[in-house]
Structure formats: C-alpha cells, structure tokens
Amino acid sequence: TEAAPKTASGTAAELLKAHELSFSYEGQLPILQKLNFSLQNGEKLAILGESGSGKTTLFHLLLRLWEPDQGRLSLNSRSYTEYSAAEIRSYFAAAAQSCYIFNETIRECFQRLYPGIADETIWQALEIAQLAAVLREHPDGLERKTGPDGALLSGGQRQRLLLALAFASPAPILLLDEPTAGLDAANSAALTSSFLRHFAQRTLLVITHDQQLADKMDRCLYLSPR
C-alpha cells in the first residue's frame, strides 16, 4: 500500500519512512503487510481505514512499542534499530485515546510529563486544544481535579486534555489518534482549525475516521483490513 499524494510534496527533507512494513499477531494473519509510505518535514498525513485495518498497530510500531515482523521504519534516513526506544519516542508528541489520566489537577497532569513547565505554556496548549475557555470559567482553573482516568471531565474535555498534553511537547512529530472523536461538528471543526493553524510548520500524523479532517491534510494513507 502506498500513500497517494494529494498535493505536491515539495523538496522538504524526508523525516519518516516505512518500507515493506509487515506485522501480525502470533498465529494470526498479518494486520499490516508490505506497507510503504514516507513523510517529509512539515508534512501532514492522515491515516484512514476501517476497524481492524491496522491503524492502532501502526501507532504502536511508530512509537516502537512493538517491533515489525518484516520491513523497516526509518527516521532521518536511519533505521529505527539504530536508535533506542526512548530516542524514537522523543521525536513524537503522541495523543492516544487509550491513555490513562491520573487523579490529579490539570496543572499536575502537565507537570507529570514536563517537570517545571510554566503556566503560560500550559494555557497555550489548552488554548490550541480548545479547552482553555472551559477552565478559565471554572473556579479552580488549573487546580481543577480530573478524577480517576478523567472521570470528573466530560468525554470531550478528557479528549481535549490528552491533546493539550501532546501539544505542550516540543517533539518534531505530532502523532494524534482520532483527535476529533466524540466531538460534535462545530467543536470538531474548531479544534481542527486551531491545531492546523498553530502547527502549520510541524510534521503531523493523524489517525482518523473524520473525512473533513483528512481532507485538510497534505496526503492520505488508506489501510485496508486483511
């Protein structure tokens, strides 16, 4: 499978590449088979596909949580195997729906990931994630408690907090898993417009079922169930 270009790629340096990438769970048919795509600095790529097509698998492979059966991933023209797992992950600011949110304040959530982070940086990330206005209206502000796994937040607020935590990272690649899931059309459009505007120069990988979001990206990679 190849990622078909929507627009000219330009001459930016290649940042990330998958070559003949294959993965299967033990004793099962391959989830990914001979997947090829590349991503240049500053490029925006949408990853689409039905359930079971390997989108989540690719997310884990990119973060080197799992290793491929065959093929390879490259970063800055060097094989993933030349880096430690920690070095690979330092290149990604990732937001996954399955992330657990600890029962602490909003500020503490950020401080857990970024010790010494300034409140100004926290508010900027919250603004991009369209969550700042809600917290400014709350009497506790950044001291608002999240509850166990975000139980004191609405589903949309929980989702936007996870995005804000990724947005606060200076890592060169943003990797977002269904960033608009659970949001109505108006909030989805506002969030999409916000992060695409703020990260116009940033490399972006988005796993999504949201065709309107995908249409705003430079290219789309469609995965098919095996």
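# A tour that starts at Glu 178

Begin by selecting Glu 178, which lies in the loop between strand E8 and helix H7 (185-198). The model you have open is a predicted one, and every stop on this tour should be read with that in mind. Is Glu 178 buried or exposed? Because its relative accessible area is 9%, under the 20% limit, Glu 178 counts as buried. If you look at its backbone, you will find a positive phi of about 50°, although Glu 178 is not a glycine. This deserves a pause, since most residues other than glycine have a negative phi.

**The whole chain**

Now zoom out and show the whole chain, which has eight helices and 10 strands. Turn the view slowly and compare the directions, for along its principal axes the C-alpha trace spans about 55 × 35 × 30 Å. A compact globule of 226 residues would have a radius of gyration near 17 Å, and the 18 Å of this chain agrees with that. If you colour the residues by burial, 50% of the 226 count as buried, while the accessible surface comes to about 10,800 Å², with 49% of this area belonging to carbon and sulfur atoms. Of the contacts between residues at least 6 apart in sequence, 70% join residues at least 24 apart.

**Helix H1 and the residue after it**

Select residues 55-62 next, which form helix H1, a mostly covered helix in which six of the eight residues are buried. Which residues of H1 are buried? They are Lys 55, Thr 57, Leu 58, Phe 59, Leu 61 and Leu 62.

Then move on to Arg 64, which follows H1 and has a positive phi near 55°. Arg 64 sits in the loop between H1 and strand E5 (70-75), and its relative accessible area of 15% makes it buried. To see what surrounds Arg 64, leave aside its neighbours within four places in sequence and show its contacts, which are Tyr 80, Thr 81, Tyr 83, Ser 84, Ala 85, Ile 88 and Arg 89.

Before you leave the subject of phi, make a short detour to Lys 34, which is found in strand E3 (residues 30-40). Lys 34 is not a glycine, yet its phi is positive, at about 50°.

**Where H3 meets H4**

Show helix H3 (residues 106-113) together with helix H4 (residues 119-128), and look at how their axes are placed: they come within 11 Å and cross at roughly 105°. The range from 65 to 115 degrees counts as roughly perpendicular, and the two helices are therefore roughly perpendicular to each other. If you display the side chains, Ile 106, Arg 107 and Phe 110 from H3 meet Asp 119, Ile 122, Ala 125 and Leu 126 from H4. The residues of this contact divide into five nonpolar, no polar and two charged.

Keep H4 selected and pick out its buried residues, which are Ile 122, Trp 123, Ala 125, Leu 126 and Ile 128. What do the buried residues of H4 pack against? They pack against H3, helix H5 (132-137), H6 and H7, so it helps to show these helices with H4 in one view. After H4 comes Gln 130, whose phi is positive, near 60°.

**Two loop residues to finish**

Go now to Phe 199, whose place is in the loop between H7 and strand E9 (203-207). At 8% relative accessibility, Phe 199 counts as buried, and, not counting residues up to four places away in sequence, Phe 199 touches Lys 44, Ile 128, Phe 167 and Leu 174. One of these partners, Ile 128, is familiar from the buried residues of H4. Draw a distance from Phe 199 to Gly 150 as well: the two are 49 residues apart in sequence, and their C-alpha atoms are 26 Å apart in space.

The last stop is Pro 172, which you will find in the loop between helix H6 (155-167) and strand E8 (173-177). Pro 172 has a relative accessibility of 34% and so counts as partly exposed. Leaving aside its neighbours within four places in sequence, Pro 172 is in contact with Ser 90, Tyr 91, Arg 202 and Thr 203. How many residues apart in sequence are Pro 172 and Leu 204? They are 32 residues apart in sequence, and from C-alpha to C-alpha they are 8.7 Å apart in space.

Technical notes. Residues numbered from 1 in each chain as written. Predicted model: local features only at pLDDT ≥ 70, side-chain atom pairs only at ≥ 80, totals over all residues. Heavy atoms only, no water. Axes fitted to C-alpha atoms, helices over the stretch in contact; angles between N-to-C directions. Helix = DSSP H or I, 4+ residues; strand = E, 2+ residues; numbered from the N terminus. Parallel < 35°, antiparallel > 145°, perpendicular 65-115°, else oblique. Contact = heavy atoms within 4.5 Å. Nonpolar A, V, L, I, M, F, W, Y, C, P; charged D, E, K, R; others polar. Rg over C-alpha atoms; globule rule 2.2 N^0.38 Å. Buried < 20%, exposed > 50% of the residue type's maximum accessible area, 1.4 Å probe, protein only. Areas by Shrake-Rupley, 256 points an atom, 1.4 Å probe, with all protein chains shown as cover.
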